[in-house]
Each structure stands twice: as C-alpha cells, then as structure tokens.
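Please open the structure in your viewer and keep the sequence panel beside it. The tour below moves from one selection to the next and says what is there at each stop.

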Amino acid sequence: QVQLVESGGGLVQPGGSLRLSCTASGSIFSIDTMGWYRRSPENERELVARVTTTGFPEYGNSVKGRFTISRDNAKTTMYLQMNSLKPEDTAVYYCHGKIRVDEFGSTWNGWGQGTQVTVSS
C-alpha cells in the first residue's frame, strides 16, 4: 500500500509565496510520475505541475514562470514552490503519484488527501 501525504497549504496574500510538500510512503519500488493538480469551485481539476520518468517538469499554462516543482534526493518527497500567488490560484491542491510497487511492474495510481491554498487580502 502506498500513501501520499501533503502539507504546506494555508492563507496567503496576493503576491506572496507558499511551498507545498508531498511525501510518498509504503511499498515503493520506483516512482514513475509525481505531480500536483488543483480543483476549485469554478474550475475542474487541472494540472499544476508534474515530473515524469523523463525528469523534465511539466507545468500548467496558468502557473508557468511562477511555480516550481522539485523532488528531494530520495525522490519520495515532492515540493511545489508557489510564488507571485494570485487569487485565482485559490484551490485545493492534490498530490498525485503513479508508483511501481514491485519489480514486476505492478503500479499504484492514487491521490493525497488535498491541501487548501487560499490567496486573499
């Protein structure tokens, strides 16, 4: 079993910064993809940023140049540095992982519980 646990959400003023963390634990053989998605009452779930097996980050158009995704050396913790936050960034942010649990290619594909980010003055 694999778990993803997010932290770091909160309330921030427009123009401010926050850093989200997501830690994967459990039966992890390797990680194919880890990423961040968000959902708000106005918008369906959208990609914020992700890192696949290529190692190159991908970003949603609305966050390019403002957000940065990274992973620690062990690659089980992922970070999302969010700068120049705007009110429209307000959403629940979810960590997603596509994780191999054994050497035979068995894959776990799941989500964290979500963390609220509110950008407001």
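The stops that follow begin with the core and then turn to individual residues.

Before selecting anything, note that this is a predicted model, in which local features need pLDDT of at least 70 and side-chain atom pairs count only at pLDDT 80 or more, while totals for chains, interfaces and linings use all residues. Residues are numbered from 1 along each chain as its sequence is written, and side-chain values use heavy atoms, with hydrogens and water left out.

**The core.** Select W36, L80, M82 and Y93, which touch the most other members of the 27-residue largest nonpolar core. Such a core is a set of buried Ala, Val, Leu, Ile, Met, Phe, Trp, Tyr and Cys residues joined through side-chain atoms within 4.5 Å, where buried means under 20% relative accessible area, exposed over 50% and partly exposed in between (1.4 Å probe, protein chains only). Among the strands that each supply at least two residues of this core are β1 (2-7), β4 (30-39), β8 (77-82) and β9 (91-100); helices (H or I, at least four residues) and strands (E, at least two) are DSSP runs, numbered from the N terminus. Now centre on Y93: leaving aside neighbours within four places in sequence, its contacts (heavy atoms within 4.5 Å) include E6, L20, W36, F67, L80, M82 and V117.

**E6.** Move next to E6 in strand β1. What is the nearest side chain of opposite charge to E6? That side chain is R45, 11 Å away, and E6 is buried yet has no salt bridge. Here Lys and Arg count as positive and Asp and Glu as negative, with His and the chain ends not counted, and a salt bridge is a side-chain nitrogen of Lys or Arg within 4 Å of a carboxyl oxygen of Asp or Glu. Display backbone atoms as well, and the side chain of E6 is seen to reach the backbone nitrogen of C95 at 2.6 Å, while the backbone nitrogen of Q113 lies 2.9 Å from a polar atom of that same E6 side chain.

**The aromatic pair.** Which rings form the 1 aromatic pair that a search of the whole structure finds? Select Y37 and W111, whose ring centres are 5.3 Å apart with planes at 70°, so the pair is edge-to-face. Rings of Phe, Tyr and Trp (its six-membered ring) pair if their centres lie within 6.5 Å, and planes under 30 degrees apart count as stacked, over 60 as edge-to-face and the rest as tilted. Because Y37 lies in strand β4 and W111 in strand β10 (residues 107-111), the pair ties together parts that are 74 residues apart in sequence. Y37 counts as buried at 15% relative accessibility, whereas W111, at 34%, counts as partly exposed.

**H96.** Both rings of that pair belong to residues in contact with H96, as do L4, M34 and N109, among others. H96 lies in strand β9 and counts as buried at 11% relative accessibility. Its side chain makes a polar contact with the side chain of N109 (2.5 Å), a polar contact being a pair of N or O atoms within 3.5 Å; within protein, one must be able to donate a hydrogen and the other to accept it, and residues adjacent in sequence count only if both atoms are side-chain atoms.

**S84.** Finish in the loop between β8 and β9, where S84 is found. S84 has a positive phi of about 50° although it is not a glycine, and at 41% relative accessibility it counts as partly exposed.
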